[in-house]
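Here is a short tour for someone meeting this structure for the first time. Have the 3D view open and follow along as we go.

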Amino acid sequence: MRIRTFLFALAALLLAPAAHAQSSEADLQQLYLSFLQGEGIEGWVDSDGDVQFEYNDRTYFMETNASDTEFFRVVLWDIWPIESATESIQVINALNEVNREMKVVKGYVTNDNVWLACELFVGEPSAFAPVWSRCMDSIESGLDVFVGEM
């Protein structure tokens with residue numbers, strides 16, 4: 001898979017428009033969907049326009065942000081519903097540990113549910129490809145830290 005990822009990244013860099021050119025949401029969707037397909041992963045565009053996919057039996061999404069194409073974000077969402085005020089305090093403490101211990105992974109609460117994200121500045125949209133596996137591994141490690149703290 002690493003060779004395939006490298007070849008995808010190389011092709012994307014050679015075929016990509018100049019870094020100053022703006023990509024549309026559809027361009028980003030196609031970039032992410034093509035990458036996932038090359039990794040043997042089925043992706044789909046959700047109602048927000050982001051690209052969702054299953055990885056290790058969990059649902060993730062890659063945000064499509066045409067207004068900032070140098071920003072890449074992949075998110076593992078709704079992993080832990082917060083059911084009480086007491087649990088909320090425990091969740092915040094566990095997320096603080098994730099944020100303190102992990103590189104590039106951010107843990108936070110959205111609508112009383114825990115999300116973990118890998119967020120990077122990539123220079124140009126296709127530059128996420130060489131580090132995608134590391135992002136996924138980092139999120140999964142962050143999940144382990146979070147669950148261990150809970």
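Is Tyr32 buried or exposed, and what is its relative accessible area? Tyr32 is buried, with a relative accessible area of 2%. One thing to keep in mind while you look around is that this is a predicted model.

**The helix that holds Tyr32**

Let's begin with helix α2, which covers residues 25-38. Helix α2 has 14 residues and reaches 20 Å from its first C-alpha to its last, close to the 20 Å expected at 1.5 Å a residue. Tyr32 has buried company here: Leu28, Gln29, Leu31, Phe35 and Leu36 of α2 are buried too. If you look down the axis of α2, the buried residues fall within an arc of 165 degrees, so they line one face of the helix. As general background, an α-helix has 3.6 residues a turn, so residues three or four places apart point the same way. Just after α2 comes Gly40, with a positive phi of about 80 degrees.

**Rings that meet**

Now for the aromatic side chains. Searching the whole structure turns up 13 aromatic pairs. In one of them, Tyr32 and Phe72 sit edge-to-face, 5.8 Å centre to centre and with 70 degrees between the planes. Tyr32 belongs to helix α2 and Phe72 to strand β4, so this pair ties together parts that are 40 residues apart in sequence. Phe72 counts as buried, at 1% relative accessibility.

Tyr32 also pairs with Phe128: the ring centres are 5.2 Å apart and the planes stand at 90 degrees, so this pair is edge-to-face. Here the link is between distant parts of the chain, with Tyr32 in helix α2 and Phe128 in the loop between β6 and α4, 96 residues apart. Phe128 is buried, and its relative accessible area is 0%. Zoom out a little and you'll find one aromatic cluster formed by Tyr32, Phe35, Phe53, Tyr55, Tyr60, Phe72, Phe128 and Trp132.

**The sheet**

In what order do the six strands of the open sheet run? The order is β1-β2-β3-β4-β6-β5, with antiparallel pairing. β1 (43-45) and β5 (105-110) are at the edges with a single partner strand each, so one side of each has no neighbour in the sheet. On average, neighbouring strands of this sheet are turned by 30 degrees against each other, direction ignored.

At the β1 edge, β1 and β2 (residues 51-55) pair in the antiparallel sense over three bridges. Gly43 stands opposite Phe53 in β2 there, and Phe53 is one of the residues in the aromatic cluster.

Over at β6, six bridges join this strand to β4, and the two run antiparallel. Arg73 has Glu119 in β6 as its bridge partner. β5 and β6 run antiparallel as well, joined by six bridges, with Tyr108 opposite Trp115 in β6. Eight of the nine residues of β6 are buried, so β6 is largely enclosed by the rest of the structure.

What lies across the strands? Helix α4 (residues 132-149) lies across β2, β3 (58-62), β4 (71-76), β5 and β6 (113-121), and runs at about 150 degrees to β6.

**Loops and turns**

A few loop residues deserve a look too. In general, most residues other than glycine have a negative phi. Here are two with a positive one:

| Residue | Place | Phi | Relative accessibility |
|---|---|---|---|
| Asn56 | loop between β2 and β3 | near 50 degrees | 46% |
| Asp112 | loop between β5 and β6 | about 60 degrees | 53% |

At those values, Asn56 counts as partly exposed, while Asp112 counts as exposed. The hairpin of β5 and β6 has two residues between the strands, and Asn111 in the turn has a positive phi of about 50 degrees.

Which residues does Thr69 touch, beyond its neighbours within four places in sequence? Thr69 is in contact with Ser23, Leu28, Val122, Glu124 and Pro125. Thr69 is found in the loop between β3 and β4, and it is buried, with a relative accessible area of 10%. One of its contacts, Leu28, takes us back to α2, where Leu28 is among the buried residues.

Technical notes
Residues are numbered from 1 along each chain as its sequence is written. Side-chain values use heavy atoms; hydrogens and water are left out. Helices (H or I, at least four residues) and strands (E, at least two) are DSSP runs, numbered from the N terminus. The expected span of a helix is 1.5 Å times one less than its number of residues. Buried means under 20% relative accessible area, exposed over 50%, partly exposed in between (1.4 Å probe, protein chains only). The arc is that of the directions from the helix axis to the C-beta atoms. Two strands pair if DSSP finds at least two bridges between them. Axes are lines fitted to C-alpha atoms, for helices over the stretch in contact, and angles run from 0 to 180 degrees between N-to-C directions. Contact means heavy atoms within 4.5 Å. Rings of Phe, Tyr and Trp (its six-membered ring) pair if their centres lie within 6.5 Å; planes under 30 degrees apart count as stacked, over 60 as edge-to-face and the rest as tilted.
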